[in-house]
Amino acid sequence: MKALGYRCSVCGDEYDLDQATYTCPTDGGNLDVVLDYSAISAKVAPHNITASNDFSIWRYAPLLPVEDPGFVGTPLRSVGWTPMFSPGRLSQRLGLENLWLKDDGRNPTASFKDRASAVVVARAKEIGAETVATASTGNAGAALAGMAAAAGQPAVILAPKSAPPAKVAQLLIFGALVILVDGTYDQAFDLTLEASEAFGWYCRNTGYNPFTVEGKKTAAYEICEQLTLSLGHPNRKADQWRSPDSVFVSVGDGNIITGLHKGFSDLAALGWIDRLPRLIGVQSEGSAAVYNAFRAGEKTIRPVRADTIADSISVDLPRDGLRALRAVRDTGGEYLAVTDDEILAAIVTLGREAAVFAEPAGAAAYAGLAKAAAADLVRPEEQVVVLVTGSGLKDVRAAMQAAGQAVVIEPTLEALHRELKRVGKV
Ligand SMILES: *Cc1c(COP(=O)(O)O)cnc(C)c1O
Ligand SMILES: [Zn+2]
């Protein structure tokens, strides 16, 4: 499905697809991709999608502004359609009757970022770009490197040298040209913009390339379709999907929450859902630029000096901050901030009570829900979705910090008995 064009999220000016590549030529604002909803409606309805045998983001191809990239059978085709389930013990613990976890750590490169990178690689193919490039705290790069490897496309990734080793290993294994910068993610971001311009690379940078949101929005589609598969159609219309009441998601640059907003808005515009869920953005207290602006009622984002264990949401100046504010204001949502200790505790709780292993940024959304539930910010009967955005295998050091070390004993029954006694198991 070809898009109608772009609309600037700041000035509202519209552009044809060939009039802009990244941001608004006038004010540098982020561009929203404008879809032709009546053309989509004329072609597909929810039941057509639900009948699809493609269990990936590509089942939503009629709602995506890129041509089908091919590469059938490769990891590029297995992005998305991640499990969403109701974790019984966790629901009880929080006193919530309708809690859902969606585990996006189960993507090919183990984070939500695969959704964006798959669509950007499809777009690169469509416009004949030779090399794709991105700045990344780790996951966006791993996703682009992985998707580019699937498509046989050269990739260049710039990441801060502090990125967790597992993420750097992924970049190297997928064969990208990996450059670690002795600086912050924000510095890597600016350098990638300059380098893309200088060397003619197609730049995937988050909150810069308009197509990342078009990939990330597929999570919203899945939430509504999967909720409907679990609970049945809403009463009013048989060929409509359900929308949850609220969705909790961690926020760094603000591109994921913007993608969710776009996805739910697409479905509402098509009449496939009745209303948008409240979007609840969760930031780390150590990297809370969007939260600060929301709380102060400001229209601009002031940079912070980010310092948090959740490296994937450690951002001085969120590159999609304004749209991230819009997503929450438009949906009657909320911004919350959580401490590193709350994030570490959330990693442990998700593992023990729901069998989901999350990296710190992936667990932050749950930490936010725990806080919201304790403060009665969610109703017990609400349909609540928590997005887990990345796998715990991405950052084993943080996991060990959360879980503690394992004991070492002599390999004898006697030593084992002593240890079991110490921990009260015999
Ligand atoms: C990138 C990322 C986020 C935050 O997404 P933004 O678009 O930067 O707000 C959250 N969790 C994980 C695991 C990520 O990789
Ligand atoms: Zn503009």
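1. In this predicted model, Ala361 is in contact with Ser250, Ala310, Ser312, Ile313 and Thr389, when its neighbours within four places in sequence are left aside. Ala361 belongs to helix α14, which covers residues 360-374. One of these contacts may be followed along the chain: Ala361 and Ile313 are 48 residues apart in sequence, and their C-alpha atoms are separated by 6.1 Å. Ala361 has a relative accessible area of 3% and is buried, because a residue counts as buried under 20%.

2. Ser250, one of the residues that Ala361 contacts, leads to a pair of strands. Strand β10 comprises residues 246-250, and 5 bridges join β10 to β11; the two strands run parallel. Within this pairing, Ser250 stands opposite Val282 of β11. Strand β11 spans residues 278-284, and 6 of its 7 residues are buried, so β11 is largely enclosed by the rest of the structure. As a point of background for the reader, the side chains in a regular strand alternate between the two faces of the sheet.

3. A second buried position deserves attention. Gly259 lies in helix α10, residues 255-270, and has a relative accessibility of 0%, which counts as buried. Beyond its neighbours within four places in sequence, Gly259 is in contact with Val213, Lys216 and Lys217. The C-alpha atoms of Gly259 and Gly215 are 7.5 Å apart in space, although 44 residues separate the two glycines in sequence.

4. The packing of two helices should also be noted. Two packed helices are described by the angle between their axes and the distance between the axes. For helix α13 (residues 340-354) and helix α15 (residues 396-403), the angle is about 85 degrees and the axes are 8 Å apart. Helix α13 is therefore roughly perpendicular to α15, because angles of 65 to 115 degrees fall in that class. On the side of α13, the contact is made by Leu344, Ile347, Val348 and Arg352; on the side of α15, by Ala398, Gln401, Ala402 and Ala403. Sorted by class, the contact of α13 with α15 has 6 nonpolar residues, 1 polar residue and 1 charged residue.

5. Which residues coordinate the zinc ion (ligand 2)? The donors are the SG atoms of Cys8, Cys11 and Cys24, together with Asp27, which is listed twice through OD, at 2.3 to 2.4 Å. Along the sequence, the donor residues follow the spacing C-x2-C-x12-C-x2-D. Cys8 lies in strand β1 (residues 5-8), whereas Asp27 lies in the loop between β2 (14-15) and β3 (31-34); the pair therefore ties together parts that are 19 residues apart in sequence.

6. Are Cys8 and Asp27 buried or partly exposed? Cys8 is buried, with a relative accessible area of 4%. Asp27, at 36% relative accessibility, is partly exposed.

7. The strands named at the zinc site also form a sheet. The open sheet has 3 strands in the order β2-β1-β3, and the pairing is antiparallel. Strands β2 and β3 stand at the edges with a single partner strand each, so one side of each has no neighbour in the sheet. Between β1 and β2, the antiparallel pairing extends over 2 bridges. In one of the pairs, Tyr6 has Tyr15 of β2 as its bridge partner.

Terms used:
Residues are numbered from 1 along each chain as its sequence is written. Chains are lettered from A and ligands numbered from 1 in the order in which they are written. This is a predicted model: local features need pLDDT of at least 70, side-chain atom pairs count only at pLDDT 80 or more; totals for chains, interfaces and linings use all residues. Side-chain values use heavy atoms; hydrogens and water are left out. Axes are lines fitted to C-alpha atoms, for helices over the stretch in contact, and angles run from 0 to 180 degrees between N-to-C directions. Helices (H or I, at least four residues) and strands (E, at least two) are DSSP runs, numbered from the N terminus. Angles under 35 degrees count as roughly parallel, over 145 as roughly antiparallel, 65 to 115 as roughly perpendicular and the rest as oblique. Contact means heavy atoms within 4.5 Å. Ala, Val, Leu, Ile, Met, Phe, Trp, Tyr, Cys and Pro count as nonpolar, Asp, Glu, Lys and Arg as charged, and the others, Gly among them, as polar. Donors are N, O and S atoms within 2.8 Å of the metal (3.2 Å for Na, K and Ca); water is not among the atoms, so sites may look incomplete. Buried means under 20% relative accessible area, exposed over 50%, partly exposed in between (1.4 Å probe, protein chains only). Two strands pair if DSSP finds at least two bridges between them.
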